[in-house]
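Visitor: Could you take me through this structure and explain the terms as we meet them?
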Amino acid sequence: MSLRQRLVPYWLLGPGLLWLIIFFVVPMYFMGELALRTGNLTTGFTFNWEWSNFPDSLSGHTEQIWRSFYYAGTATLLALLIGYPLAYAIAFRAGRFKQLLLFAVIAPFFTTYLVRTIAWKTILSDSSPVVSVLQTLSILPPNGRLLATSTAVIAGLTYNFLPFMILPLYANLERLDLRLIEAAKDLYSSSTQAFLKVTLPLTMPGIVAGVLLTFIPAFGDYINAQILGGTQQAMVGNVIQSLYLVQRNYPEAAALSFLMMGLILAIVVIYIRFAGTGAFMGDEEEETA
Amino acid sequence: MTLAIASALALIVLAVGLAACGGTTGGGGNTGEIETAKAGPVEGKLTISNWPGYIAPGDHGTVAEFERKTGVNVSYIEDVNETESFFSKMQPLLEQGESGGRSLYVVADYMAKMQHDLGYLQNIKKSDIPTVFENLLPSLRSPDFDPNREFSVPWQSGMTGIWVDTSKAPEIHSINDLFDSKYAGKITMLGELRETVPLVMLAEGIDPAKASTDQWLHAIERIKDAASSGQIRHFTGNEYTEDLNAGNIVAAIGWSGDSSLIENENAEWRMPTQGCTMWSEDMVIPVGAPNTAAALEWMNFVYQPKIAADITDYVQYISPVSGVQELLKERGSELANSQIVFPTEQFTRKCTGQNSPPDLEPVNEAWQEVITG
């Protein structure tokens with residue numbers, strides 16, 4: 001191989017790498033530097049290795065961080081429970097409606113995220129049919145409400161991030177070799193056993209990808225809490241927004257963002273280890289299968 | 001291989017070098033003197049930022065008339081949604097001496113002062129805006145924050161009080177009523193520190209203009225308890241009007257002129273028993289503003305009583321221009337007799353200005369903890 005040929009992959013990597021450097025590495029550097037400054041707008045922010053910004057940014061905000069875990073976790077679980085059967089149905093049972101159904105999954109993206117969330121405000125408003133039906137069924141107390149509650153925020157998160165769960169699941173299920181299920185049944189496994197022993201393990205990569213793609217943006221989201229939540233539903237994203245856009249405490253906002261990034265990274269690493277790197281990265285099982 | 005690594009490193013160095021030109025430091029870093037907005041021939045393009053629903057719209061609206069009269073091409077953007085976050089959005093630009101193409105925008109008095117102190121605004125020469133000083137109400141000519149009107153020209157004023165859905169809670173008159181548990185979860189308050197907290201202090205018989213840090217914190221504590229008990233449904237900006245329209249709430253702390261945004265027929269703005277907060281917003285010219293000549297002409301234009309009356313007719317806030325009430329009376333508009341649009345001194349006698357706490361940082365931090373509860 002000539003030198004030129006050996007360099008080709010690096011040239012191909014070039015544009016992406018440059019993009020990442022300019023729009024990820026460089027901003028990260030500035031954010032990190034900002035997180036170590038002190039001061040305010042009037043005096044200016046001076047760089048002096050202010051490590052205390054990190055613990056300071058956490059103080060008083062632990063509740064919102066736990067809440068973000070709870071909301072994003074519940075939304076991810078719900079998205080998985082709703083998304084898996086749906087992706088399964090589209091992949092195997094939809095027949096000629098397959099394209100149409102897939103389109104329906106993506107269709108909400110034709111409207112912006114903000115507008116869709118505001119629409120939920122109308123759907124869940126106190127005098128909406130949804131609320132009156134739930135009140136009639138005594139699921140909600142007579143003066144109960146959905147809007148400005150945790151339920152509304154979790155519902156909004158689930159709805160907004162559901163396609164991110166369905167699409168990787170579908171892509172994965174669609175490639176599933178149905179002969180393997182037939183083989184399992186030939187070997188006397190019940191439908192449930194075949195699902196648990198064949199389908200589920202083989203679709204683990206899709207599940208892992210779907211969970212990550214749903215959980216990560218849901219954790220950092222602040223729109224749903226702001227629009228559908230009330231006074232006790234703020235997530236960590238709302239705290240960062242307030243620190244940055246209202247209090248203009250840029251160093252603490254940057255420090256908190258960094259901590260959350262680190263936290264998410266740690267969770268992802270542990271999760272991938274637990275779920276199996278193979279399942280996520282190279283799917284050895286599938287190749288041998 | 002080493003060549004590839006070397007070129008990657010070179011790229012990093014290049015990118016860091018490029019970006020190093022643009023770090024945000026803050027601190028009123030604009031060098032030296034405050035500039036004065038330049039007058040000159042009125043032409044070209046003018047970009048204005050303002051709050052939504054704050055001008056007469058349409059083909060015969062204020063912007064269209066101005067374009068017709070001057071030939072200036074106006075880009076009128078309604079991108080101010082909250083005083084604080086609009087400033088935060090602008091701050092990194094202003095720090096670089098840029099305005100993002102805006103020649104003029106509208107901000108609250110205290111914010112105009114803060115931005116001027118930071119060196120983010122240009123001064124305005126009185127002789128460049130003769131129509132403004134011909135028609136500006138005497139009471140607005142020398143406010144404390146800008147005694148000689150050097151950098152701010154009033155846009156509209158208003159009052160913050162209580163919007164009540166009279167079909168559901170006709171007996172709400174005082175801010176204290178909003179804390180009554182029979183309205184639990186049916187009340188919203190504004191998320192802005194200087195709007196909501198002074199109203200609560202007034203209701204407790206404290207003068208917000210003289211309140212100590214402890215008194216501010218005490219009022220915030222009261223609001224915090226109401227938020228965590230579920231009494232307060234939400235802290236809002238303009239969106240309380242949607243909750244009133246949808247029937248989600250029975251009362252809200254809100255702005256006197258918002259009836260153009262409220263479709264609920266039973267909604268009524270009320271002066272709180274213990275008084276309201278009064279605020280004023282100003283047109284300002286930021287540093288780096290292009291075409292300041294057209295911006296100055298815009299100020300002159302909207303201070304013509306006829307144009308000001310058109311604006312009042314639509315937005316229903318308090319106009320800073322004299323003669324508007326008479327014009328509306330001639331036109332037979334009901335607004336001419338409205339205490340909300342033309343409040344008398346008797347009507348607003350218990351009201352207070354838009355006060356800032358004596359020590360902003362701890363109070364604002366406590367407040368933001370309530371907002372992001």
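Guide: What follows is a short conversation about confidence, two helices, one residue and a contact between chains.

Guide: This is a predicted model, in which local features need pLDDT of at least 70, side-chain atom pairs count only at pLDDT 80 or more, and totals for chains, interfaces and linings use all residues. Residues are numbered from 1 along each chain as its sequence is written, while chains are lettered from A and ligands numbered from 1 in the order in which they are written.

Visitor: What is the mean pLDDT of chain B, and where does pLDDT stay under 50?

Guide: pLDDT is the predictor's confidence in each residue, from 0 to 100, and its mean over chain B is 91, with 91% of the residues reaching 70 or more. Over residues 18-29 of chain B, however, pLDDT stays under 50. Where pLDDT is low, the predicted coordinates should not be read in detail. The model as a whole scores ipTM 0.83 and pTM 0.86.

Visitor: Why is H1(A) called oblique to H13(A)?

Guide: Helices here are DSSP runs of H or I with at least four residues, and strands are runs of E with at least two, numbered from the N terminus. The axes of H1 (residues 3-34) and H13 (residues 250-275) of chain A come within 8 Å and cross at roughly 120°, where axes are lines fitted to C-alpha atoms, for helices over the stretch in contact, and angles run from 0 to 180 degrees between N-to-C directions. Angles under 35 degrees count as roughly parallel, over 145 as roughly antiparallel, 65 to 115 as roughly perpendicular and the rest as oblique, and therefore H1(A) is oblique to H13(A).

Visitor: What makes Pro305(B) count as buried?

Guide: Pro305(B), which lies in helix H10 (residues 305-315) of chain B, has 20 C-beta neighbours inside 10 Å and therefore counts as buried. The cut-offs are 20 or more other C-beta atoms within 10 Å for buried, 12 or fewer for exposed, and partly exposed in between, with C-beta atoms placed from the backbone. Leaving aside residues up to four places away in sequence, Pro305(B) touches Asn135(B), Val321(B), Gly323(B), Val324(B) and Leu327(B), a contact being two C-beta atoms within 7 Å.

Visitor: How many residues does each chain bring to the contact between chains A and B?

Guide: Chain B brings 34 residues and chain A brings 35. On the side of chain B that touches chain A, H1(B) gives the most, with seven residues.
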